[in-house]
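Hi everyone, thanks for coming. I'd like to walk you through a structure that may be new to you, so let's put it on the screen.

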Amino acid sequence: MKLWKKIIIAASFVVLTTGGLAGCSSSEKKQENNSNTGAASNESTFPSSGEDQLAEPVKGDTLAVFHIKDYGDITVKLFPKGAPKAVENFVTHAKDGYYNGVIFHRVINDFMIQGGDPNGIGNGGESIWGKNFEDEFAENLMPIRGSLCMANAGQNTNGSQFFIVQTKEPNLSYANIALNDKQKKMFEEHGGASHLIYEHTVFGQVVEGMDVVDKIAASRTDAGNKPLMDVVIESIDITEQKR
């Protein structure tokens with residue numbers, strides 16, 4: 001039913017950077033990645049960052065609090081060990097107000113909500129370094145439900161755009177690598193976009209506000225998956241877990 005439709009949509013889901021919208025299918029991306037040194041393969045070969053993606057925040061953890069106009073707040077725990085560049089980029093942009101007033105320009109219910117483009121159409125935005133930066137993968141950071149991921153237009157094309165995985169279904173039969181037992185358990189218990197493993201950097205996890213993510217995902221959209229009523233990020237506060 002929706003699963004096959006979702007995978008077709010997901011295959012065309014890519015975004016980003018200045019220079020316009022780019023796209024490639026999941027299978028095309030996999031072939032491209034397998035032909036490059038250090039890219040994703042059909043086996044889980046990336047080391048663990050040592051961070052617990054699903055643990056409650058502890059003292060010293062970095063949190064990002066999204067304030068979404070008319071919807072509420074989404075609190076995300078960030079993973080600076082597993083994705084140091086993605087976290088530095090996001091945190092710096094957030095502190096500088098780069099995301100203030102930016103909309104979630106692409107919303108697909110039972111898949112993800114995407115934002116981070118100042119142009120509001122999916123073809124803009126840049127990193128704090130003014131150029132694309134490389135993907136960062138860790139064995140323990142998976143695109144499960146609630147994960148905050150970098151959007152891209154192919155391998156190593158990260159800029160400013162991001163998405164939050166919203167699907168509750170694990171879709172393990174579409175995983176593009178051989179999952180280990182811990183990874184399988186993560187998807188089986190929490191759902192997620194297993195076909196995006198090692199194709200999009202995972203740099204955070206929602207710890208509060210998934211109900212807000214679900215409400216945004218349920219927005220009425222046009223044919224291009226843009227909400228008919230703007231879903232606006234008023235600001236993103238960067239804080240530290242105090243206890």
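I'll start with the strands, then move to the helices, and finish with two single residues. One thing to keep in mind from the start is that this is a predicted model.

Let's begin with the sheet. Eight strands make a closed barrel, and if you follow it around, the order is E1-E2-E7-E5-E6-E4-E3-E8, with antiparallel pairing. From one strand to the next, the twist averages 35 degrees.

Now let's look at some of those pairings. Strand E1, residues 62-68, pairs with E2 in the antiparallel sense, over six bridges. If you want a landmark there, find Leu-63, which stands opposite Lys-77 in E2. The hairpin of E1 and E2 has three residues between the strands, and Asp-70 in that hairpin has a positive phi near 70 degrees.

On to the next neighbour. E2 also pairs with strand E7, residues 202-208, again in the antiparallel sense, this time over four bridges. Here Thr-75 has Glu-208 in E7 as its bridge partner. And how many of the seven residues of E2 are buried? Five of them are, so to speak, under cover: strand E2, residues 72-78, is mostly covered.

Elsewhere in the barrel, strand E3, residues 102-108, pairs with strand E8, residues 232-240, in the antiparallel sense over two bridges. Val-102 has its bridge partner, Ile-233, in E8.

Next, the helices. Helix H3, residues 84-95, packs on the sheet and touches E1, E2, E5, E6, E7 and E8. The direction of H3 makes about 115 degrees with that of E8. Helix H5, residues 210-217, packs on the sheet as well, touching E1, E2, E3, E4, E6 and E7. For H5, the angle of about 115 degrees is with the direction of E2.

Please turn now to helix H4, residues 181-190. Gln-183, Met-186 and Phe-187 are buried in this helix. Viewed down the axis of H4, the buried residues fall within an arc of 90 degrees, so they line one face of the helix. On the other side of H4 you'll find Asp-181, Lys-182, Glu-188 and Glu-189, which are exposed. The ends of H4 are worth a look too. At the N-terminal end, Asn-180 acts as a cap, with a side-chain oxygen 3.1 Å from the backbone nitrogen of Lys-182. After H4 comes Gly-191, with a positive phi near 75 degrees.

Let's zoom in on our two residues. The first stop is Phe-90, in helix H3. Is Phe-90 buried or exposed? Its relative accessibility is 1%, so Phe-90 counts as buried. Among the residues that Phe-90 touches are Ala-64, Phe-66, Leu-148, Phe-203 and Ile-236. Take Phe-203: 113 residues separate it from Phe-90 in sequence, yet the C-alpha to C-alpha distance is 9.3 Å.

The other stop is Gln-53, in the loop between helix H2 and E1. With a relative accessibility of 2%, Gln-53 counts as buried. What does the side chain of Gln-53 reach at 2.8 Å? That would be the backbone oxygen of Met-142. Gln-53 is also in contact with several other residues, including Lys-77, Asn-140, Val-202 and Gln-205. Another contact of Gln-53 is Met-186, which we met earlier as a buried residue of H4.

That's the tour, and thank you for listening!

Definitions and conventions. Residues are numbered from 1 along each chain as its sequence is written. This is a predicted model: local features need pLDDT of at least 70, side-chain atom pairs count only at pLDDT 80 or more; totals for chains, interfaces and linings use all residues. Side-chain values use heavy atoms; hydrogens and water are left out. Buried means under 20% relative accessible area, exposed over 50%, partly exposed in between (1.4 Å probe, protein chains only). The arc is that of the directions from the helix axis to the C-beta atoms. A polar contact is a pair of N or O atoms within 3.5 Å; within protein, one must be able to donate a hydrogen and the other to accept it, and residues adjacent in sequence count only if both atoms are side-chain atoms. Two strands pair if DSSP finds at least two bridges between them. Axes are lines fitted to C-alpha atoms, for helices over the stretch in contact, and angles run from 0 to 180 degrees between N-to-C directions. Contact means heavy atoms within 4.5 Å. Lists of a residue's contacts leave out its neighbours within four places in sequence.
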